[in-house]
Amino acid sequence: MLKVNNVFSYYGNACALHDVSFEINQGEIVSIIGANGAGKSTLMKTIMGVVKPRSGSIIYEGSDISRMPTHKIVKAGIVYVPEGRDVFSTLSVADNLEMGAYSCNYSQKEMVALQEEMYDMFPRLKERRKQAAGTLSGGEQQMVAIARGLMSRPKLIMFDEPSLGLAPIIVDEVFEQIKTINDKMKVSVILVEQNAYMALSISNRCYALENGQVSMQGDSKVLIEDDTIQKVYLGM
């Protein structure tokens, strides 16, 4: 579905991704783990066109999107739920969801139906649909960010640190929703997550990044038993 080939990405003269190759197949959940500064978010931003690769290619459904503007990447079916949620804090929950559909030509009827679909998935958002998103709890803002991403009916959704700053019970709820998005909505998922155990637990395959390079990759069920992964990422 998506294949990153030998990508180098830079911030100025600093190389953030060094010869990174990565792929996800239709229907998979693929996790990316690594320490702060390992290049996880840069990989997401490079896929989204926010950071342009210096070299290498990004192939999505057979087309090279390496130089494609971000809004066209969204139209093509890829969305990004950023680290820290980044909701439009002064806008209502309902308006935040509408912003998620900004690149889509929905009729008013379609827009309302899709919002109701999101409210069915996240009932608390329906209760707070007229409330300013910035006044919600961290968990509720994460729900807004996820629902906003789903409003464009993506084929591939990328989550950047969805558990960051959330209480454990809310983390469990968010990860259940990610599994539901993959299982029920048939959306492929790339999951960047510092909680390596949770990431490995729900993903099909995993890549470990270290200093902007892929240090390990493989089946998540195999990697979770690997001595190096357990020592470096799972604290065992």
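In which sense, left-handed or right-handed, does α3 pass α4? Let's look at that crossing first, and then at four other spots in this predicted model.

**View 1. Helices α3 and α4 pack against each other in a right-handed crossing.** To settle the opening question, the crossing in which α3 passes α4 is right-handed. The two helices meet at an angle of about 115 degrees, and their axes lie 11 Å apart. On the α3 side, the contact is made by Val-93, Ala-94, Leu-97 and Glu-98. Facing them from α4 are Met-111, Gln-115, Met-118 and Tyr-119. Sorted by character, the residues of this α3 contact with α4 come out as six nonpolar, one polar and one charged.

**View 2. Tyr-106 sits in the loop between α3 and α4.** The helices on either side of this loop are α3, residues 93–100, and α4, residues 108–121. Is Tyr-106 buried, partly exposed or exposed? Its relative accessibility is 23%, so Tyr-106 counts as partly exposed. Setting aside neighbours within four places in sequence, Tyr-106 is in contact with Ala-101, Met-111, Leu-114, Met-151, Ser-152 and Arg-153. One of these, Met-111, will be familiar from View 1, where it belongs to the α4 side of the helix contact. For a sense of scale, the C-alpha atom of Tyr-106 is separated by 27 Å from that of Val-174, a residue 68 places away along the chain.

**View 3. Helices α6 and α7 run alongside each other.** The axes of α6 (residues 138–150) and α7 (residues 168–183) come within 10 Å and cross at roughly 10 degrees. That angle makes α6 roughly parallel to α7. The crossing of α6 past α7 is right-handed. Gly-139, Gln-142, Met-143, Ile-146 and Leu-150 form the α6 side of the contact, while Ile-170, Glu-173, Val-174 and Ile-181 form the α7 side. Together, the residues of this contact divide into six nonpolar, two polar and one charged.

**View 4. Six strands form an open sheet with mixed pairing.** Reading across the sheet, the order is β6-β7-β8-β3-β9-β10. Which strands stand at the edges? They are β6 (78–81) and β10 (213–219); each has a single partner strand, so one side of each is left without a neighbour in the sheet. With direction ignored, neighbouring strands are turned by 15 degrees against each other on average. Towards the β10 edge, β9 (residues 205–210) and β10 run antiparallel and are joined by six bridges. One bridge pair here is Glu-210 with Gln-213 of β10. Helix α7 packs on the sheet as well, touching β3 (29–33), β7 (156–160) and β8 (188–192). The direction of α7 makes about 150 degrees with that of β8.

**View 5. Strand β8 is mostly covered, with five of its five residues buried.** Ser-188, Ile-190 and Val-192 point one way from β8, Val-189 and Leu-191 point the other way, and all are buried. This fits a general pattern: in a regular strand, side chains alternate between the two faces of the sheet. How many bridges link β8 to β7? These two strands pair in the parallel sense over five bridges. With β3, the pairing of β8 is parallel over four bridges. Val-192 of β8 is worth a friendly second glance: Val-192 is the bridge partner of Ile-32, and also of Asp-160.

Key: Residues numbered from 1 in each chain as written. Predicted model: local features only at pLDDT ≥ 70, side-chain atom pairs only at ≥ 80, totals over all residues. Heavy atoms only, no water. Axes fitted to C-alpha atoms, helices over the stretch in contact; angles between N-to-C directions. Parallel < 35°, antiparallel > 145°, perpendicular 65-115°, else oblique. Left-handed = near helix turned anticlockwise from the far one by under 90°. Contact = heavy atoms within 4.5 Å. Nonpolar A, V, L, I, M, F, W, Y, C, P; charged D, E, K, R; others polar. Pairing = 2+ DSSP bridges. Buried < 20%, exposed > 50% of the residue type's maximum accessible area, 1.4 Å probe, protein only.
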